[in-house]
Amino acid sequence: MPIYEYVCNSCEHHFETLVSGSHKPECPSCQGKELTKKLSVFAVSDGSSTSSGGPSACGSCGDPRGPGACRMAN
């Protein structure tokens with residue numbers, strides 16, 4: 001089940017929740033159903049983590065600027 005981040009349009013409460021199938025999430029603060037899905041950044045790497053396999057090639061390091069942007073492939 002994916003985790004999504006939302007902000008409630010009614011009370012502006014920010015939250016994240018697991019979403020499965022056709023389940024429609026609601027705000028845990030006011031039970032509102034008018035939500036805006038936010039861009040989740042949990043999968044973006046800043047390059048500070050280490051890996052036992054050594055540096056990753058550009059494009060697989062998680063740099064949001066795209067392949068070649070991190071300059072790790074030398």
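**Close-up views of a predicted three-stranded chain**

**Figure 1. The largest nonpolar core has 6 residues**. Tyr6, Cys8, Phe15, Val19, Cys27 and Leu35 form this core. A nonpolar core is a set of buried Ala, Val, Leu, Ile, Met, Phe, Trp, Tyr and Cys residues joined through side-chain atoms within 4.5 Å. Buried means under 20% relative accessible area, exposed over 50%, and partly exposed in between (1.4 Å probe, protein chains only). In soluble globular proteins, nonpolar side chains tend to be buried together. The model is predicted: local features need pLDDT of at least 70 and side-chain atom pairs count only at pLDDT 80 or more, while totals for chains, interfaces and linings use all residues. Residues are numbered from 1 along each chain as its sequence is written, and side-chain values use heavy atoms, with hydrogens and water left out.

**Figure 2. The surroundings of leucine 35**. Residues up to four places away in sequence are not counted here. Leucine 35 touches Tyr6, Val7, Cys8 and Asn9, as well as Phe15, Pro25, Glu26 and Cys27; contact means heavy atoms within 4.5 Å. Among contacts in the chain between residues at least 6 apart in sequence, 25% join residues at least 24 apart.

**Figure 3. The strands follow the pattern β-β-β**. The chain has 0 helices and 3 strands; helices (H or I, at least four residues) and strands (E, at least two) are DSSP runs, numbered from the N terminus. Strand β1 (residues 3-8) pairs with strand β2 (residues 14-18) in the antiparallel sense over 5 bridges, and isoleucine 3 stands opposite leucine 18 in β2. Strand β1 is also joined to strand β3 (residues 35-38) by 4 bridges, again antiparallel. On that side, valine 7 faces threonine 36 in β3 as its opposite residue. Two strands pair if DSSP finds at least two bridges between them.

**Figure 4. Two loop residues with positive phi**. The hairpin of β1 and β2 has 5 residues between the strands. Glutamate 12 lies in this loop and has a phi near 65°, a positive value in a residue other than glycine. Glutamate 12 is exposed, with a relative accessible area of 61%. Glutamine 31 belongs to the loop between β2 and β3, and its phi is near 65°, likewise positive in a residue other than glycine. Glutamine 31 is partly exposed, at a relative accessible area of 46%.

**Figure 5. A salt bridge between lysine 33 and glutamate 26**. The structure holds 1 salt bridge, defined as a side-chain nitrogen of Lys or Arg within 4 Å of a carboxyl oxygen of Asp or Glu. The closest N and O atoms of lysine 33 and glutamate 26 are 3.2 Å apart. Lysine 33 counts as exposed at 55% relative accessibility, whereas glutamate 26 counts as partly exposed at 37%.

**Figure 6. Surface and confidence of the chain**. Of the 74 residues, 19% count as buried. The accessible surface comes to about 5,700 Å², of which 51% belongs to carbon and sulfur atoms; accessible areas come from the Shrake-Rupley method with a 1.4 Å probe, and for residues only the protein chains shown count as cover. The chain averages a pLDDT of 73, and 51% of the residues score at least 70. Over residues 50-57 the pLDDT is below 50, and this stretch has 4 contacts in the model beyond near neighbours in sequence. The pLDDT is the predictor's confidence in each residue, from 0 to 100. Where pLDDT is low, the predicted coordinates should not be read in detail.
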